[in-house]
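The following exercises concern the structure shown below. Each task is followed by a solution that proceeds step by step.

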Amino acid sequence: MQLTLLLPAKPDERWTLARQIGVTHAVTKAAPDLSGLPAPDNLDALRAVRDRFAEVGIPLAGLEGDPFDMSRIKRGEPGRDEDLERYRRMLRNMGELGIPLLCYNFMPRARAAQHDWHRTDCAVPLRGGSLTTAFDLDKLPAAPELEFSAEQLWDNYTYFLKAILPEAERVGVRMGLHPDDPPLPALGGVPRIFHSPEAVERALNLLPSPSHGVTFCQANYRLMGADVEHWVRRFASLGKLFFVHVRDVVGDARHFTEVWHDEGPTDMAAMLKLYHEVGFAGPIRDDHVPTMHGERPDIPGYAMLGHLFAVGYLKGLLDAQHIPYQ
Ligand code: CS2
Ligand code: MN
């Protein structure tokens, strides 16, 4: 396994801290507002991002998230073919630059939403006054009329996959589908389709390809009510376990709170042993952590102090079980 952190696409103190705690690989969201460069469908821009990480010794294991506004693709709106060509260009660039993984989601953004992933509270007190995120469906206004149907979203997804997956396969980039977060059938007036493991497997079977697999976001599979061990083994047996997000939650998809990696209901040691047993050798990251004393509350899940704890905790569990990692 490659011990990884999601780091900003521009160097800052988080890069230094990542190196100091022994993280060996990075993933990043190379969107212009984060990189200060054109989007990754521009080869020089993506090369600059890759070289930034290479220069400090934390090679880029992959890209995550929407590299530019994906609304027209996800909503099936006019202009999507232009965006799909950009997406294919980004894949070609990744292949040329040796960036092997793309973690993507297909959550259409609700008009009012700030992120694709959604929370109703980003300052829930946890241990010692640390602050975590939570979601409570009952705190949202009554579900508005859907702007379009789940079947329409499946059609948009199929159109997207047919347009870009052959290119990913041609250039050797592996695409890991991240589940919806929260894994609900609709949110904010738009449908969601990747809220069950069966839906993810349906996606993999739409256009069978060795370049298509899963980002196994453990907490979201738990929120789906899925048999997490079963699906880790199934995706691994299919050669589809490309990337792992290993964080924990209490609750279910409608009402949950994210928790510290060492205080959740999931046996993290057993999960790491499972990933090792099924032969997972890809990148693994701690995903979200609580915000700690003195940290900015405006980047929920991604302030750095909690990652120092989480990475140390995961390294301890790996070392104690003699599970090799880079
Ligand atoms: C996270 C994502 O929701 C999750 O589980 O992995 O929010 C991820 O942090 C963002 O999409 C950026 O990749
Ligand atoms: Mn995740």
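**Exercise 1.** In which loop does D287 lie? Describe its backbone and its relation to ligand 1.

*Solution.* The model is a predicted one. Step one is to place the residue: D287 belongs to the loop between β14 (283–285) and α11 (305–320). Step two turns to the backbone, where D287 has a positive phi of about 65° although it is not a glycine. Step three considers the side chain: a polar side-chain atom of D287 is found 2.8 Å from an oxygen atom of ligand 1.

**Exercise 2.** Characterise the surroundings of ligand 1, and state how much of its accessible area the protein covers.

*Solution.* Begin with the shell. Ligand 1 is surrounded by 13 residues, the closest being E64, D181, R247, D287 and Y302. By class, this shell comprises three nonpolar, five polar and five charged residues. Next, examine the polar contacts, for which the cut-off is 3.5 Å between N or O atoms. E64 places a polar side-chain atom 2.7 Å from an oxygen atom of ligand 1. For H245, the distance from a polar side-chain atom to an oxygen atom of ligand 1 is 3.0 Å. Finally, take the area: on its own, ligand 1 has 340 Å² of accessible area, of which the protein covers 94%.

**Exercise 3.** Which residue does a cis peptide bond join to D181, and where is that residue placed?

*Solution.* The partner is P182, and omega of this cis bond is about -5°. P182 is located in the loop between β7 (174–177) and β8 (186–187). D181 itself is among the residues closest to ligand 1.

**Exercise 4.** Identify and describe the largest cavity.

*Solution.* First, establish the count: one cavity of 30 Å³ or more is found. Second, the space in the largest cavity is about 30 Å³. Third, list the lining, which consists of K29, A30, A31, P40, L63, E64, G65, D66, P67 and L102. Fourth, sort these residues: six are nonpolar, one is polar and three are charged. E64 thus appears in this lining and also among the residues closest to ligand 1.

**Exercise 5.** Why are R47 and D44 separated by about one helical turn?

*Solution.* Both residues belong to helix α3 (residues 43–55), and they are about one helical turn apart because three residues separate their positions. Their side chains form a salt bridge, with an N to O distance of 2.9 Å. In total, the model contains 28 salt bridges.

Methods. Residues numbered from 1 in each chain as written. Chains lettered and ligands numbered in written order. Predicted model: local features only at pLDDT ≥ 70, side-chain atom pairs only at ≥ 80, totals over all residues. Heavy atoms only, no water. 1 Å grid on protein atoms, 1.4 Å probe; cavity = no way out; pocket = protein on both sides within 12 Å on 5 of 7 lines; lining within 4 Å. Points joined across faces, edges and corners; volume = space filled by probe spheres on them. Nonpolar A, V, L, I, M, F, W, Y, C, P; charged D, E, K, R; others polar. Near = heavy atom within 4 Å. Polar contact = N/O pair within 3.5 Å; in protein donor to acceptor, adjacent residues only side chain to side chain. Areas by Shrake-Rupley, 256 points an atom, 1.4 Å probe, with all protein chains shown as cover. Salt bridge = Lys/Arg side-chain N within 4 Å of Asp/Glu carboxyl O. Helix = DSSP H or I, 4+ residues; strand = E, 2+ residues; numbered from the N terminus.
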